[in-house]
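Grab a pencil and work through these exercises with the viewer open. Each one starts with a task and then walks through a solution.

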Amino acid sequence: MLILIMAGALLWALVTVDLNDWRMVTAYINWPAVMFIVLIQCATFVLMARQWVKLLKYDSYVPLKKAVRILLISAFTEGITPSAKFGSEAAKGYLLRKEFGLSMTRIISIISVQKVISLAALIPFLTLAAALITNETGGFIYLLGAMAAAVLVLCYVMKKRGAEKLRKAVFVWTKKDYAEQVILSALIWFLFPLKAYLLSLSLNLDTSFIMITAVVFLPYAAALLPLTPGGLGTFEATMIAVLAGMAIAPEAAIAFTLLFRLITFWLGVAAGGLASLTLTAKKPVLSS
């Protein structure tokens, strides 16, 4: 029912916009700038691949090209499964085991560490977005505190209570390795609102980089709910609502939302679909 409501709201927004307004908006789009944003999106995938190359350096040599391929296939899986990114992580795990013969313990530890670091880098952006919209940061501060406490408890348990294989798998990285991962994650998340801001300039939207942070991260958080594949409808409806709250014209809000999702999500899904065709039935060499 919720999916139907969101789809209906998007359809209503599309059909109620005057055709002349659509023409005016598309006439002002700076297409060279849009292509530059596409290049930034490609660079984002390369940075994420570089992050995984560094995570796996103690296990196997991973060519950057192969890491990009794994990420694209994971993006395709995310786009077709309503699983709050669990589908994409399962795809990563399958491909890591298939391509490099890693044990399940090692795969779980690598994915878990990457997600915790990525989430830790994301929290400040979500906090800023919430503060801009609601002027309330307490909830996210409590969430950040709870996450930090959970990580500390997990580390203590692994150190004192066993889970020997998982503990060894996690603590194989050095402090420098973790610092590099945090920096890469922060840079990747920073590029997310940067792409949105450049797109807003190409559409002549009256906004700022700070406000565009709220425009992109609140819909991202909403799309994490496992309602539709890839957050389809959830992301778009939330972004249009946030833009409407900033007094952006409906036609401009819809054009911005559709272009942003095309660049930052659907292009990756499409490329991942093509990359999925290259999968072969290679038998892994399992490690202990």
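Keep in mind that this is a predicted model.

**Exercise 1. Two loop residues with positive phi**

Decide whether A247 is buried or exposed, then look at its backbone.

Solution. Start with accessibility: A247 comes out at 69%, and the bar for exposed is over 50%, so A247 counts as exposed. Next, place A247 on the chain: it belongs to the loop between α11 and α12. Finally, check the backbone: phi of A247 is positive, about 65 degrees, even though this residue isn't a glycine.

Now try N204 in the same spirit. N204 sits in the loop between α9 and α10. Its relative accessibility is 53%, so N204 counts as exposed too. Phi of N204 is near 60 degrees, again a positive value in a non-glycine residue.

**Exercise 2. The overall inventory**

Work out how many helices and strands the protein chain has, and what share of its residues count as buried.

Solution. Count the elements: you should get twelve helices and zero strands. Reading from the N terminus, then, every element is an α. For burial, 45% of the 288 residues make the cut. One more step concerns contacts: take those between residues at least 6 apart in sequence, and 73% of them join residues at least 24 apart.

**Exercise 3. How enclosed is α4?**

Find out which residues of α4 are buried and how far the helix reaches.

Solution. First, the length: α4 covers residues 64-80, which is 17 residues, and spans 25 Å from first C-alpha to last, close to the expected 24 Å. Second, the burial: A67, V68, R69, I70, L71, L72, I73, S74, A75, T77, E78 and G79 are buried. Third, the conclusion: twelve of the 17 residues are buried, so α4 is largely enclosed by the rest of the structure.

Now zoom in on A67, which lies in α4. With a relative accessible area of 4%, A67 falls under the 20% cut-off and so is buried. Leaving out residues up to four places away in sequence, A67 touches A49, V53 and V62. Its C-alpha is 9.9 Å from that of L95, with their positions 28 residues apart in sequence.

**Exercise 4. Partners far apart in sequence**

Determine how far the C-alpha of G273 is from that of I73, and do likewise for L102 and D59.

Solution. Begin with G273, in helix α12. G273 has 16% relative accessibility, so it counts as buried. G273 and I73 are 200 residues apart along the chain, yet their C-alpha atoms are separated by 6.6 Å.

Move on to L102, in the loop between α5 and α6. L102 is buried as well, at 5% relative accessible area. From L102 to D59 is 43 residues in sequence and 7.8 Å in space, C-alpha to C-alpha.

**Exercise 5. Two helix pairs**

Describe how α9 packs on α10, then how α3 crosses α12.

Solution. Take α9 (residues 175-202) and α10 (residues 209-223): the angle is about 115 degrees, and the axes are 9 Å apart. The crossing is right-handed. On the α9 side you'll find W189, F190, F192, P193, L194, A196, Y197 and S200, and they meet F209, I212, T213, V216, F217 and Y220 of α10. Sorted by class, that contact has twelve nonpolar residues, two polar and no charged.

For α3 and α12, the axes come within 10 Å and cross at roughly 35 degrees. This crossing is right-handed. W31, V34, I37, V38, Q41 and F45 of α3 make the contact with L259, I263, T264, L267 and G268 of α12. The tally is eight nonpolar, three polar and no charged residues.

**Exercise 6. The largest nonpolar core**

Identify which members of the largest nonpolar core touch the most other members, and which helix supplies the largest share.

Solution. Among the 35 residues of this core, the best-connected are L199, V215, F217, M239, F256 and F260. α3, α6, α9, α10, α11 and α12 each supply at least two residues, and the largest share, eight residues, comes from α10. Then trace the neighbours of F260: beyond four places in sequence, F260 touches F192, K195, A196, L199, V216, F235, M239 and F265. Last step: look for another core lying apart from this one, with 25 residues, including L55, V68, I110 and I111.

Definitions and conventions
Residues are numbered from 1 along each chain as its sequence is written. This is a predicted model: local features need pLDDT of at least 70, side-chain atom pairs count only at pLDDT 80 or more; totals for chains, interfaces and linings use all residues. Side-chain values use heavy atoms; hydrogens and water are left out. Axes are lines fitted to C-alpha atoms, for helices over the stretch in contact, and angles run from 0 to 180 degrees between N-to-C directions. Helices (H or I, at least four residues) and strands (E, at least two) are DSSP runs, numbered from the N terminus. A crossing is left-handed if the near helix is turned anticlockwise from the far one by less than a right angle, and right-handed if clockwise. Contact means heavy atoms within 4.5 Å. Ala, Val, Leu, Ile, Met, Phe, Trp, Tyr, Cys and Pro count as nonpolar, Asp, Glu, Lys and Arg as charged, and the others, Gly among them, as polar. The expected span of a helix is 1.5 Å times one less than its number of residues. Buried means under 20% relative accessible area, exposed over 50%, partly exposed in between (1.4 Å probe, protein chains only). A nonpolar core is a set of buried Ala, Val, Leu, Ile, Met, Phe, Trp, Tyr and Cys residues joined through side-chain atoms within 4.5 Å.
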